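Here are some friendly notes to read beside the model. Keep the 3D view open and find each residue as you go.

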Amino acid sequence: MKAAKLIVMYPVPTDLETFERRYADEHVPMAVEKLAGKTRFVASLIKANADQSAAQFHRIAEVYFPTLSDLQACLSSPGGQETAAHAVEISSGGTPTFLISEVETFDF
C-alpha cells in the first residue's frame, strides 16, 4: 500500500509578518500535536517560481501518512478538523488549497 500526503498551499498573505508569526507560533505546534497518525511534516517557504517570477503561494505544507485511510481518518478527527480550520483562519491571502496525494518515492 502506498503512503499518502496532505498538501496545504497558502496564498501570499496580505500581512506577511502576522501570518509568519501565527504559522510558527500557533499552526505548526497545533499540526504537530493534533494531526494523529502523521509520520512526517514538511513546511516549505516559497521564494519564487522557477523562472524567478513572483509565486502565487507563500508556503506549502506537506503532511505524510502511512496510508490514505490514515490520512482520511486524521482529517475526519476533531484534531484534524480544528487544524484545517485554523489553516483557513490564518491565511490572510485567501483560502489555502488542500490536496490529497498518493506518494511514490524513488531513491537514487
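1. **A term to begin with.** Helices (H or I, at least four residues) and strands (E, at least two) are DSSP runs, numbered from the N terminus. With that in hand, you can place Ala55 in the loop between E2 and E3. Please keep in mind that this is a predicted model.

2. **The overall layout.** Which elements does the chain have? There are 3 helices and 4 strands. Going along the sequence, you meet them in the pattern β-α-β-β-α-α-β. The C-alpha trace spans about 40 × 35 × 20 Å along the principal axes of the chain. For 108 residues, a compact globule would have a radius of gyration near 13 Å, and the 14 Å of this chain agrees with that.

3. **Inside and outside.** Of the 108 residues in the chain, 36% are buried. The accessible surface of the chain comes to about 6500 Å², and carbon and sulfur atoms account for 54% of that surface. Among the contacts with a separation of 6 or more, 75% join residues 24 or more positions apart.

4. **Helix H1.** Now look at residues 16–34, which form helix H1. Where does H1 bend? The bend is at Tyr23 and amounts to about 40 degrees. The buried residues of H1 are Phe19, Arg22, Tyr23, His27, Met30 and Ala31. Their cover includes strand E1 (3–11), E2, E3 and helix H3 (78–90). Tyr23 has a relative accessibility of 3%, and because buried means under 20%, Tyr23 counts as buried.

5. **Another residue of H1.** Ala24 is also found in helix H1. Is Ala24 buried, partly exposed or exposed? With a relative accessible area of 45%, Ala24 is partly exposed. If you look from Ala24 to Ile100, you cross 76 residues along the chain, and the two C-alpha atoms are separated by 23 Å.

6. **The aromatic rings.** How many aromatic pairs does a search of the whole structure find? The search finds 3. In one of them, the ring centres of Tyr10 and Tyr23 are 5.6 Å apart and the planes stand at 80 degrees, so this pair is edge-to-face. Tyr10 belongs to strand E1 and Tyr23 to helix H1, so the pair ties together parts that are 13 residues apart in sequence. Tyr10 counts as buried, at 1% relative accessibility. Ring pairs also bring Phe19 in, linking Tyr10, Phe19 and Tyr23 into a cluster.

7. **An arginine in strand E3.** Arg59 lies in strand E3, and its relative accessibility of 11% makes it buried. What does Arg59 touch, leaving aside its neighbours within four places in sequence? Its contacts are Val8, Met9, Tyr10, Phe19, Glu20, Tyr23, Ala43, Ser44, Leu45 and Ile46. You will recognise Tyr10, Phe19 and Tyr23 from the ring cluster. Arg59 and Ala87 are 28 residues apart in sequence, and their C-alpha atoms are 11 Å apart in space.

8. **An arginine over a ring.** For a different kind of arrangement, turn to Arg40 and Tyr64. The charged end of Arg40 sits over the ring of Tyr64, 5.3 Å from the ring centre.

9. **The loop between E2 and E3.** Two residues here are worth finding. Gln52 is in the loop between strand E2 (40–45) and strand E3 (57–65). Is Gln52 buried or exposed? At 64% relative accessibility, Gln52 counts as exposed. Its phi is near 75 degrees, a positive value in a residue other than glycine. Most residues other than glycine have a negative phi. Ala55, from the first point, is buried, with a relative accessible area of 18%. Beyond its neighbours within four places in sequence, Ala55 is in contact with Val12, Ile46, Ala48 and Asn49. Ala55 and Val12 are 43 residues apart along the chain, while their C-alpha atoms are separated by 7.9 Å.

10. **The loop between E3 and H2.** Finish at Thr67, in the loop between E3 and helix H2 (68–76). Thr67 has a relative accessibility of 13% and counts as buried. Which residues does Thr67 touch, not counting those up to four places away in sequence? They are Met1, Lys2 and Ala4.

Terms used: Residues numbered from 1 in each chain as written. Predicted model: local features only at pLDDT ≥ 70, side-chain atom pairs only at ≥ 80, totals over all residues. Heavy atoms only, no water. Buried < 20%, exposed > 50% of the residue type's maximum accessible area, 1.4 Å probe, protein only. Bend = angle between axes of the 7 residues up to and from the residue. Contact = heavy atoms within 4.5 Å. Phe/Tyr/Trp six-rings, centres within 6.5 Å; stacked < 30°, edge-to-face > 60°. Lys NZ or Arg CZ within 6 Å of the ring centre and 35° of its normal. Rg over C-alpha atoms; globule rule 2.2 N^0.38 Å. Areas by Shrake-Rupley, 256 points an atom, 1.4 Å probe, with all protein chains shown as cover.
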